[in-house]
Each structure stands twice: as structure tokens, then as C-alpha cells.
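Reader: I'd love a close look at one small part of this structure, followed outward from there as far as it makes sense. Please walk me through it step by step.

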Amino acid sequence: MAKSNLLSTSTFTLLELIGNGRSYQVPPYQRDYSWTEEQWEDLWLDLAELADDPDAIHYMGAIVVEERSDRLFSIIDGQQRLATLSVCLLAVIAELHELAGRGVAPTDNRQRAEALRARFIGERDPASLLESSKLSLNAVDDAFYQDYLVQLRAPLNPRALPKSNRLLFDCYTYFRRQVAARVAANPDGERVARLASETAGRQLMFIRISVDDELNAYTVFETLNARGLELSATDLLKNYLFSRLRTESDLASLQRRWQSLLKTVGQERFPEFLRYHLQCELPRVRSQRLFKLVRVRVRDGADVFALIEELERRAEVFAALFDPAHAYWIDRKDSAPHIRDLNLLKLRQMTPLVFAAWECLDEADFARVLKLLVVVLFRYSAVSGLNTNALELVFHDAAKAVLDGKAQRPAQVFDMLRPIYVDDERFREDFERLSPDASRQGKKLVRYILGRLEADASGRAFDPETDPGSIEHVLPENPDSTWEESFPMEHWERSIERLGNLTLLESALNRQLGNGNFSTKVAAYRSSRYYLSQQIAEMQIAEWTPRQVAERQRLMALRAVHLWRADFA
């Protein structure tokens with residue numbers, strides 16, 4: 001194919017883009033509608049600004065289409081923008097019908113609505129009188145778009161819709177609110193219609209890139225700087241990899257393996273997986289540079305399948321790392337608890353090291369590395385709250401050392417992690433000040449910490465996932481005036497969530513205590529099976545004060561220092 005025939009580009013207004021009988025189809029395999037309010041609001045603010053300045057234009061970026069005929073185009077890139085604009089215009093049409101229904105220039109507003117529908121949404125064939133839509137979405141979204149949104153019908157049960165259908169409906173309701181609010185003070189149908197016909201139709205500008213076959217479209221993606229959430233990093237990579245292949249058999253093979261890969265790691269998490277895969281070899285891999293890095297490494301079909309093979313080797317490990325219930329851990333009893341703890345800490349930067357340890361160490365040493373990671377990250381992030389941006393380079397160096405054979409034992413891995421291992425003194429001091437939020441996202445972390453302290457103090461195993469005990473606040477979350485004498489009110493806010501004020505208690509006892517006074521609570525603590533609560537009763541104190549909270553947390557910190565200590569420190 002001659003290079004001159006590869007593609008053509010033209011600049012269009014929205015009216016020109018969809019005028020003269022042109023229609024656009026999203027291929028069945030393209031991803032579902034995914035824009036959310038962040039992108040809807042961005043578009044609406046642009047439209048509102050343009051409406052106040054009729055001479056201005058706004059560039060909406062490039063869309064890539066495959067030209068099926070002079071009037072039919074397959075959308076390769078741009079479906080999110082075109083779908084959202086269509087839904088916005090449907091909201092304008094609905095508002096005109098609303099005005100007409102309220103008796104505001106009913107004839108004129110109905111005519112405006114019909115004219116806008118014919119111009120932007122669909123038109124009737126003069127021979128068959130059948131209405132054809134200017135936009136068709138993918139297999140998941142098109143029926144809902146055509147049968148509900150285009151017809152201005154609301155679904156009976158929006159909650160039961162597939163996610164992308166629900167997003168489309170939420171998009172429609174968002175623009176209905178915005179359009180209605182804009183005209184509330186001045187219900188002028190002409191002004192409403194102008195928002196569609198002039199502002200959206202003539203002031204929004206697109207570059208349409210037309211290619212003569214889909215494979216050639218992949219060569220233009222790297223030049224696009226489209227508005228909003230168009231191609232994801234996953235889409236972009238997929239398109240580039242497919243563009244490197246030349247035979248139908250290779251394309252079919254890659255399609256099968258690609259689908260299997262995404263099924264394992266997930267569409268949304270694939271860029272993260274790819275980034276950590278590359279970070280085993282490269283010190284700094286930014287999300288924005290993923291595509292460029294792949295382009296450098298992958299030049300032809302052989303490179304494509306080499307990369308796919310590498311990714312396949314690590315895909316299951318990646319999926320299992322973030323799923324404590326994954327089948328991988330059934331036969332790895334020593335590893336499973338540490339996987340659960342790592343997920344509790346909600347950090348991902350250690351992933352390259354996990355890849356390397358999985359591939360190069362035996363089962364026992366792999367479990368010891370996971371345990372080491374829990375200790376290092378718990379000290380560094382959960383307790384000391386240090387900057388996690390510094391972690392990636394350290395974990396890259398450690399992963400590289402393992403893969404290169406320079407760190408063959410867990411002790412050598414620890415040597416690589418020493419720069420991020422918080423020393424005992426700093427850890428103890430930070431633990432003494434720890435105030436995790438036991439009522440929100442931090443609840444699992446609090447149960448984990450109290451559970452480890454309980455198990456160490458009592459000598460009994462504690463599973464935070466299955467143990468029925470609840471988190472008890474000695475100073476209640478909502479103290480009444482009876483606490484003021486022993487615990488001044490000015491200390492309440494900063495003391496309630498301090499770890500020294502928290503303990504474990506049977507759920508039934510916890511409910512009975514409620515906001516009870518300290519003497520009532522002590523009696524319940526004495527009968528509790530949890531050693532942490534029994535210890536409070538054994539303190540032989542008549543009142544609970546800020547000093548008692550601090551002293552109890554100091555003792556907890558001393559226990560924590562040896563509980564969360566690296567075996568090689």
C-alpha cells in the first residue's frame with residue numbers, strides 16, 4: 001500500500017462531522033462506555049463558556065475512523081467523545097420537549113426538538129420513512145442507547161443496568177440537570193436550541209483521521225492528544241502490538257493470548273502490571289511512558305510474542321499477589337498470611353521484587369521474603385508514614401539483584417532493603433503516636449495491629465478475618481459529660497483513635513457497654529477473653545486519663561518493636 005493512501009485528515013465542526021447522511025459505528029469489540037462525571041463536567045464547562053462567546057471555537061481533539069464508504073465510518077478512537085456529545089444533545093432535545101409540555105411556545109419548541117434530532121441524532125429515509133441513527137455503539141451499549149436514550153425513555157430499574165449502560169444513563173441525567181439549570185431563570189427555547197445547533201454544532205472542532213483499514217489506524221495513535229479518557233494505556237498497547245503483526249495466523253494467536261492475559265490480570269489493572277513488569281529491569285517506569293517504552297522494545301512480530309510470553313509468565317503471580325484467596329496460596333500455607341497482610345497495607349511498589357523472588361527463590365525463601373516485606377512496609381508506611389515515592393527505586397534495585405543472582409537469600413534481599421527499613425527507635429517513637437481511624441478504612445489495619453499484639457501477649461492465635469471480637473474504644477467515640485472530670489474534653493478528639501485507647505472485646509459486651517463509664521467498662525474487661533482488655537482491668541486504676549492512654553500505648557510500642565522486626569536486622 002502506498003504511504004500516501006495510509007490516511008487522510010480533515011478538520012470538521014460537529015455539524016460537518018455528522019452531516020450529509022454520515023453515520024458512525026463503534027465496532028462490537030471496542031470497550032464499553034466509560035466516561036464519568038469528571039469528563040462530563042469538563043465538557044459542560046467548555047460548552048457553557050463557548051455559549052457566552054459565540055465567536056470562540058474549541059478543539060475537541062482527533063478521532064480516528066476507518067472509512068467503510070463515503071457515508072459510513074467505523075470509530076477506531078473517539079467513541080467516548082461522540083457518545084457523550086450525543087447524550088448531551090439528547091438532553092437539550094428533552095428540555096425543549098419539557099418546555100413545550102409546560103406550555104412555553106409549544107409548537108416552536110417541538111419543531112426545534114425535531115430539527116435538532118434530525119440534524120444530530122438520526123433522520124428518516126425519504127423513501128422508507130425509517131429512522132436511522134447517526135451513531136451506533138458497541139454490542140453492550142447500543143441497544144440501551146437506541147431503545148432508551150434516543151427515544152428519551154428512562155429505564156424502569158437503572159440499578160439493574162450493566163455498568164456502561166448505567167454510566168450512559170447517568171450521563172444523560174447529568175446533562176438534563178445542567179441544561180435545566182441553565183434555562184431555569186430564562187425558559188427561552190431558542191436559547192436552549194442554540195446551545196446545540198450553534199455552540200455544540202459549530203464551535204466544537206475535530207480533526208477526523210480516516211484510514212482505509214483498521215490495521216493502519218494503529219500507526220497514528222502515538223500522535224493523538226485526544227480530550228479526556230479515550231484509549232486507555234491497555235488499548236494503546238494492544239493496538240500497537242497488533243500493528244506489528246502481518247499474518248492472519250499471528251493476529252489470531254495474539255488475540256487469543258491477549259484475551260487470556262487480560263482475563264487473568266484485568267483490563268483496568270493491566271497498565272499497572274506492565275509497569276511493574278518493566279520495572280524489574282528499568283529503574284523508573286512512569287505510567288505516561290509505558291507506550292513509548294514498549295515501542296522501543298517491540299519492533300516486529302518476534303518481539304511481540306517475546307513480550308507476551310514474559311507477561312504470561314508473571315500474570316498469575318500478579319493476580320495472586322492481590323488476592324489472598326487465590327488458588328496459588330492453597331498449597332503455600334507459609335505465604336498465604338503474608339499475602340493477606342500485604343493487601344491490608346495497600347501498597348504495590350514491592351511487586352517487582354515479588355516477581356523476582358517468585359522466579360528465583362525456593363518456596364520457603366519466597367515466604368520469608370513476603371514476611372520481610374510486611375515488616376518493612378508496616379514500619380515504613382503504616383506506622384512512620386514516610387514518603388512512598390522513594391520505594392520504587394529501592395524495590396527495583398532489590399528485584400534486579402535477585403534476578404541477576406546477586407541476592408540469592410532473604411538476608412541478602414534485606415541488605416537491599418535497608419535504606420527503607422525504619423530503625424527500632426524511630427519505629428517505637430512513631431508507634432507511640434499512632435492514631436489509625438478505627439471507624440473507616442483503617443478498621444482492618446487496627447484489627448490487624450491489635451490482633452498481633454493480642455496473639456503475642458496471650459500466646460493464642462488471632463485471625464483478624466475470622467475472630468468475632470470487635471474494636472472497643474475505652475474513651476467512647478461519643479463521650480458524655482460523665483467523662484469530663486477524668487478526661488478533659490480538649491483531649492477527646494486526639495485521644496479517641498489513639499491505639500492506646502483501643503482494645504479488643506466480645507461484640508456482645510461491646511454493645512452492652514455503649515458509652516458507659518470507666519468503672520462499668522473495667523468490670524467487663526475483667527471478664528473478657530481478650531488479654532488486651534484484661535490488662536486494662538489489671539492496671540488497678542480508678543479512672544481513664546490521657547496519661548493512661550499514653551502509658552498503655554508506650555507499652556504497646558515496646559511489644560511492637562520485637563513483633564515487627566526483620567529476622568536479619
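Author: Happy to! Let's start at Ser74, which, if neighbours within four places in sequence are set aside, is in contact with Gln25, Pro27, Val64, Val65, Glu66 and Arg68. Please keep in mind that this is a predicted model. Ser74 sits in strand 4, which covers residues 72-77. Its relative accessibility is 3%, and because the cut-off for buried is 20%, Ser74 counts as buried. For a sense of scale, Ser74 and Ala327 are 253 residues apart along the chain, and their C-alpha atoms are separated by 41 Å.

One of the contacts of Ser74, Val65, leads us onward, since Val65 is also touched by Tyr24. Tyr24 belongs to strand 2 and is buried, with a relative accessible area of 2%. Beyond the residues up to four places away in sequence, Tyr24 touches Phe73 and Ile75, along with Leu17, Ile18, Val65, Lys134, Leu135, Ser136 and Arg208. Phe73 and Ile75 are residues of strand 4, on either side of our starting point in the sequence.

Lys134 is the next stop. How far apart are Tyr24 and Lys134 in sequence and in space? They are 110 residues apart along the chain, yet their C-alpha atoms are 6.1 Å apart. Lys134 is found in the loop between strand 6 (131-133) and strand 7 (135-136). Is this lysine buried or exposed? Its relative accessible area is 6%, which is under the 20% limit, so Lys134 is buried. Its partners beyond four places in sequence include Ile18, Arg22, Ser23 and Tyr24. On another stretch of the chain, Lys134 is in contact with Ala118, Arg119, Phe120, Ile121, Gly122 and Glu123.

Tyr24 and Lys134 also meet in another way, as both help to line the largest cavity. A search of the whole structure turns up 3 cavities of 30 Å³ or more, and the largest has a volume of about 80 Å³. Rolling a probe the size of a water molecule over the atoms shows where empty space is left. The lining is made up of Leu14, Ile18, Tyr24, Leu82, Ser86, Leu89, Phe120, Lys134 and Leu135. By character, these residues divide into 7 nonpolar, 1 polar and 1 charged. Lysine is classed as charged, so the charged member is Lys134. Helix 1 (14-18) and helix 3 (79-101) each supply at least two of the lining residues, with helix 3 giving the most, at 3 residues.

Each of those two helices has a loop with an unusual backbone angle. In the loop between helix 1 and strand 2 (23-25) lies Asn20, whose phi is near 55°, a positive value in a residue other than glycine. Asn20 has a relative accessible area of 63%, which is over 50%, so this residue is exposed. Ala105 is placed in the loop between helix 3 and helix 4 (106-121), and here too phi is positive, at about 40°, although the residue is not a glycine. Ala105 is partly exposed, with a relative accessible area of 38%.

Now for the cores. The largest nonpolar core has 97 residues, and Leu241, Leu417 and Phe431 have the most contacts inside it. Helix 16 (residues 363-383) gives the most to this core, with 12 residues. Apart from this lies another core, of 59 residues, with Phe73, Ala91, Leu161 and Phe206 among them. Phe73 is one of the residues that Tyr24 touches, which ties this second core to the part you asked about.

Stepping back, how does the whole chain look in numbers? The protein chain has 25 helices and 10 strands, and 51% of its 569 residues count as buried. Its C-alpha trace spans about 95 × 65 × 40 Å along the principal axes. The radius of gyration is 31 Å, whereas a compact globule of 569 residues would have one near 25 Å. Among contacts with a separation of 6 or more, 73% join residues 24 or more positions apart. The pair Tyr24 and Lys134, with their positions 110 residues apart in sequence, is one example of such a contact.

Key:
Residues are numbered from 1 along each chain as its sequence is written. This is a predicted model: local features need pLDDT of at least 70, side-chain atom pairs count only at pLDDT 80 or more; totals for chains, interfaces and linings use all residues. Side-chain values use heavy atoms; hydrogens and water are left out. A nonpolar core is a set of buried Ala, Val, Leu, Ile, Met, Phe, Trp, Tyr and Cys residues joined through side-chain atoms within 4.5 Å. Buried means under 20% relative accessible area, exposed over 50%, partly exposed in between (1.4 Å probe, protein chains only). Helices (H or I, at least four residues) and strands (E, at least two) are DSSP runs, numbered from the N terminus. On a 1 Å grid over the protein atoms alone, a cavity is a set of points where a 1.4 Å probe fits but cannot get out, and a pocket is an open set with protein on both sides within 12 Å along at least five of seven lines; lining residues have an atom within 4 Å of a point. Grid points are joined across faces, edges and corners, and a volume is the space filled by probe spheres set on the points. The radius of gyration is taken over C-alpha atoms; the globule rule is 2.2 Å times the number of residues to the power 0.38. Contact means heavy atoms within 4.5 Å.
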